[in-house]
Amino acid sequence: MIRHNAGRCKYTKRGIPWTLVYAKEYATKAEACREEYRIKAEKSRKYIEQLVQRYMQSRQEHLQLV
């Protein structure tokens, strides 16, 4: 995120400032890369927005339980 917001990444420079809205932990980098590829392969803004919305809802529910 620091590199993106510093403008050091050519492809994300135009979207500054970036905010992290979705994160998921994987056991290996290979698993994480497969999931990133799968999400990008959808090529659908609506799909990504729904993914983020579900993530935010589950996060909020988790915080209410704590």
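These legends accompany three close-up views of a predicted model.

**View 1. The aromatic pair of tyrosine 22 and tyrosine 55.** Here we meet the one aromatic pair that the count gives. The ring centres of tyrosine 22 and tyrosine 55 lie 5.0 Å apart, and their planes meet at 70°; angles over 60 degrees count as edge-to-face, so this pair belongs to that class. Tyrosine 22 sits in the loop between α1 (2-5) and α2 (29-42), while tyrosine 55 belongs to helix α3 (residues 45-65), so the contact ties together parts that are 33 residues apart in sequence. As for the surroundings, tyrosine 22 is partly exposed, at 22% relative accessibility. Tyrosine 55 is also partly exposed, with a relative accessible area of 22%.

**View 2. Helix α2 and the residue that follows it.** With 14 residues, α2 spans 20 Å from its first C-alpha to its last, close to the 20 Å expected at 1.5 Å a residue. Take a look just past the helix, too: lysine 43 follows α2 and has a positive phi, near 50°.

**View 3. The largest pocket and its lining.** This pocket holds about 940 Å³ of space. Its lining is made up of 23 residues, and those closest to the centre are Leu20, Tyr22, Ile39, Lys40 and Ile48. Two elements, α2 and α3, each give two or more residues to the lining. The most comes from α2, with seven residues. Sorted by class, the lining of the largest pocket has 13 nonpolar, three polar and seven charged residues. Readers coming from the first view will recognise Tyr22 among the residues closest to the pocket centre, as tyrosine 22 is also a partner in the edge-to-face pair.

Conventions
Residues are numbered from 1 along each chain as its sequence is written. This is a predicted model: local features need pLDDT of at least 70, side-chain atom pairs count only at pLDDT 80 or more; totals for chains, interfaces and linings use all residues. Side-chain values use heavy atoms; hydrogens and water are left out. Rings of Phe, Tyr and Trp (its six-membered ring) pair if their centres lie within 6.5 Å; planes under 30 degrees apart count as stacked, over 60 as edge-to-face and the rest as tilted. Helices (H or I, at least four residues) and strands (E, at least two) are DSSP runs, numbered from the N terminus. Buried means under 20% relative accessible area, exposed over 50%, partly exposed in between (1.4 Å probe, protein chains only). The expected span of a helix is 1.5 Å times one less than its number of residues. On a 1 Å grid over the protein atoms alone, a cavity is a set of points where a 1.4 Å probe fits but cannot get out, and a pocket is an open set with protein on both sides within 12 Å along at least five of seven lines; lining residues have an atom within 4 Å of a point. Grid points are joined across faces, edges and corners, and a volume is the space filled by probe spheres set on the points. Ala, Val, Leu, Ile, Met, Phe, Trp, Tyr, Cys and Pro count as nonpolar, Asp, Glu, Lys and Arg as charged, and the others, Gly among them, as polar.
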